[in-house]
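Q: I am new to this structure and would like a close look at one part of it. Could you take me through a pair of helices that meet, and then show me the surroundings?

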Amino acid sequence: MPGPAVWMIRLSLCYLLFAVVTGAFILVHKAFPLHTAVWGVLPVHYEVAIWGWLVQFVMGTAYWIFPRFPGDSGRGPVWLAWGILTGINAGVWLLAASVFMNDIAIAGRTSILLSVLAFTGLMWNRVVSYRNRT
């Protein structure tokens with residue numbers, strides 16, 4: 001398994017753990033009201049669960065499992081895969097921090113958007129049909 005895929009999946013599992021803990025905390029608060037500020041964690045829970053866990057897990061799995069390019073080019077430029085990993089995680093952290101500093105939400109969304117677009121570009125030519133390969 002290539003390094004970027006390993007780290008995408010590992011980090012996505014860390015985000016899953018964080019999302020479960022924050023979700024459990026919110027559910028406990030619904031049963032036993034703790035403080036009204038607990039609801040401020042809900043947007044962080046959403047962002048981490050969707051972008052940190054789900055999307056990053058799918059990206060890591062796809063990077064690993066999709067067919068390689070024919071010849072010696074493998075999975076494409078590895079530096080781009082590491083950049084995608086860095087960009088999506090920076091975006092998740094910025095979105096999580098945007099609960100406290102509202103101005104950085106756009107930077108977080110932009111970082112995630114650029115990472116997803118770069119990932120789409122990296123994977124686009126790896127989507128092939130084995131019937132049509134020559």
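A: Here is a walk through the pairing of α2 with α3, followed by their neighbours and the whole chain.

A word on the ground rules: this is a predicted model, in which local features need pLDDT of at least 70 and side-chain atom pairs count only at pLDDT 80 or more, while totals for chains, interfaces and linings use all residues. Residues are numbered from 1 along each chain as its sequence is written, and side-chain values use heavy atoms, with hydrogens and water left out.

Let's start with the pair itself. Helix α2 covers residues 42–65 and helix α3 residues 78–97; helices here are DSSP runs (H or I, at least four residues; strands are E, at least two), numbered from the N terminus. Their axes come within 9 Å and cross at roughly 170°, with axes being lines fitted to C-alpha atoms over the stretch in contact and angles running from 0 to 180 degrees between N-to-C directions. That makes α2 roughly antiparallel to α3, a label for angles over 145 degrees.

Which residues of α2 and α3 meet? On the α2 side they include Val44, Val48, Trp51, Val55, Met59 and Tyr63, and on the α3 side they include Ala81, Ile84, Leu85, Ile88, Val92 and Leu95. Contact means heavy atoms within 4.5 Å. By class, this contact has 14 nonpolar, 3 polar and 1 charged residues (Ala, Val, Leu, Ile, Met, Phe, Trp, Tyr, Cys and Pro are nonpolar; Asp, Glu, Lys and Arg are charged; the others, Gly among them, are polar).

Now look at α3 by itself. Its buried residues include Ala81, Ile84, Gly87, Ile88, Gly91 and Leu95, where buried means under 20% relative accessible area with a 1.4 Å probe, protein chains only. The buried residues of α3 pack against α1, α2 and α4 (105–124).

Helix α1 (residues 3–31) joins the picture too. Among its buried residues are Met8, Ile9, Tyr15, Thr22 and Ile26, and the buried residues of α1 pack against α2 and α3.

Stepping back, the chain has 4 helices and 0 strands. The radius of gyration, taken over C-alpha atoms, is 18 Å, well over the 14 Å that the globule rule (2.2 Å times the number of residues to the power 0.38) gives for 134 residues, so the chain is more spread out than a compact globule. Its C-alpha trace spans about 65 × 30 × 25 Å along its principal axes, and buried residues make up 36% of the chain.

Technical notes. Angles under 35 degrees count as roughly parallel, over 145 as roughly antiparallel, 65 to 115 as roughly perpendicular and the rest as oblique. The expected span of a helix is 1.5 Å times one less than its number of residues. Buried means under 20% relative accessible area, exposed over 50%, partly exposed in between (1.4 Å probe, protein chains only).
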